[in-house]
Amino acid sequence: MISLANGIELPKVFDGLRRIQTSVVDTNVLAALYSNASPQWLNVGEEWKMVPDPSGDALIVLFDQAGQAKPLRKFRIQSAWVVFAVRPQGGWLVGRTSRRIGTEDVRDTTIYDAEGEAIHLLNGGGAIAFIQVSKDGSFWIGHDDEDRSDGAKLGGITYFAASGAELFHHNWTGPDHVDGMPMWCCYALNVIEGSGWAQYYDSMLIRRFEADGSARSWMTENNGATALAVKDGIVARIGRYDENRYRISVFRLLEPPNSEFIGRLEFDIEGERPKYLNSVDGKGDTFHIVHDDKWYRLTWREMLAHLPASQ
């Protein structure tokens, strides 16, 4: 058992804007998105749907392990429901989580420069659950199954060049099957150097995608995932369902599709297990957990050190 403590305080409001989302930049830096864009209800046909305000001011603030805040330039966003990522060469990406709410425009992902100017608007494919950026500025989008838009990429993964050009998409259906298994709803996404690591709802396989479109898969226990951390051929996974939400399962990856179970570690937050955690994410070899306006980190080395000796 490990109890996460001494979290870094994240202000709820910064420069008059409220915090609506976080994104991991690297092992030691967390980005928080603040905005005044707010969702509202709209009558669509015979049902009410929650739709985003057409636009709003936004600000990304970087926080380091000392709690120091570094605000970037203010900019405009077109939705209150977004995921985002900071680019290593400057600027950032923002993707709408449902691409055609309030508009017929299928372009749902915006690339901004370091001055906050939108320099490219592209079709990310809808159903955007995760965006993660490689060191060279290329980026990966993991898709869920929550977008009802025509032509939305339900499930699977899409890889883009730093310019925003789509390089490939592996979907959950049709001829794009990777390793002969479908990919329905991305549960977790991590980027290690130039590779994208993901786990999906249907098969629960852990998958490694390369920039050339090739992929490998490993079978593990079927207890879901909210985040992955990877290092030296060992994958740690925070579970998703019931009691597994506070359990980390650790596996050694063997010749695909085989893996070896190493052990399991339970954790809590300041001695408690809240029913919901605001955000759980993996970047490189580290888990990042945001709860109750605090940011906690759990590294791969800390996880291995706390595994029971018998494991």
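**Cores, Sheets and Aromatic Pairs in a Predicted Model**

Among the contacts in this chain between residues at least 6 apart in sequence, 46% join residues at least 24 apart. Please keep in mind that the model before you is predicted. The chain holds one helix and 29 strands, and buried residues make up 51% of its 311 residues.

Let me begin with the interior. In soluble globular proteins, nonpolar side chains tend to be buried together. Which residues touch the most other members of the largest nonpolar core? They are Ile-248, Phe-267, Phe-287 and Met-303, out of 22 residues in that core. Several elements give two or more residues to this core, including strand S1 (2-4), strand S25 (247-253), strand S26 (259-269) and helix H1 (300-306). The largest share, four residues, comes from S26.

Let us look at one member, Ile-248. Setting aside neighbours within four places in sequence, Ile-248 is in contact with a number of residues, among them Ala-236, Leu-265, Phe-267, Phe-287, Leu-298 and Met-303. A second, separate core has 15 residues, and it includes Ala-31, Val-82, Phe-84 and Trp-92.

I turn now to a sheet. Four strands form an open sheet in the order S11-S12-S13-S14, with antiparallel pairing. Why do strand S11 (82-86) and strand S14 (118-122) each have one side without a neighbour in the sheet? Both stand at the edges and have a single partner strand each, so one side of each is left without a neighbour there. From one strand to the next, the twist averages 15°. Inside the sheet, strand S12 (residues 92-96) pairs with strand S13 (residues 109-112) in the antiparallel sense, over four bridges. Gly-95 stands opposite Thr-109 in S13.

Next, the aromatic rings. A pair of aromatic rings is described by the distance of the centres and the angle of the planes. The structure holds 13 aromatic pairs. One of them joins Trp-197 and Trp-218, and this pair is stacked, at 5.8 Å centre to centre with 15° between the planes. Trp-197 lies in strand S20 (residues 195-200) and Trp-218 in strand S22 (residues 215-218), so the pair ties together parts that are 21 residues apart in sequence. Are these two residues, Trp-197 and Trp-218, buried or exposed? Both Trp-197 and Trp-218 are buried.

A further pair brings us back to Phe-267 of the largest core. The ring centres of Tyr-246 and Phe-267 are 5.2 Å apart and the planes stand at 50°, so this pair is tilted. Tyr-246 lies in the loop between S24 and S25, and Phe-267 in strand S26, so here too the pair ties together parts that are 21 residues apart in sequence. Tyr-246 and Phe-267 are both buried. In addition, Phe-75, Trp-92 and Tyr-112 form one aromatic cluster; Trp-92 is also a member of the second core.

Rings may also be paired with charges. The charged end of Lys-231 sits over the ring of Trp-300, 5.8 Å from its centre. Arg-240 lies over the face of Tyr-187, at 3.7 Å from the ring centre.

I close with Trp-184, which is found in the loop between strand S18 (166-170) and strand S19 (186-192). Why does Trp-184 count as partly exposed? Its relative accessibility is 25%, and the partly exposed class lies between the limits of 20% and 50%. Trp-184 and Asp-144 are 40 residues apart along the chain, and their C-alpha atoms are separated by 7.1 Å.

Key:
Residues numbered from 1 in each chain as written. Predicted model: local features only at pLDDT ≥ 70, side-chain atom pairs only at ≥ 80, totals over all residues. Heavy atoms only, no water. Core = buried A, V, L, I, M, F, W, Y, C linked by side-chain atoms within 4.5 Å. Buried < 20%, exposed > 50% of the residue type's maximum accessible area, 1.4 Å probe, protein only. Contact = heavy atoms within 4.5 Å. Pairing = 2+ DSSP bridges. Axes fitted to C-alpha atoms, helices over the stretch in contact; angles between N-to-C directions. Phe/Tyr/Trp six-rings, centres within 6.5 Å; stacked < 30°, edge-to-face > 60°. Lys NZ or Arg CZ within 6 Å of the ring centre and 35° of its normal.
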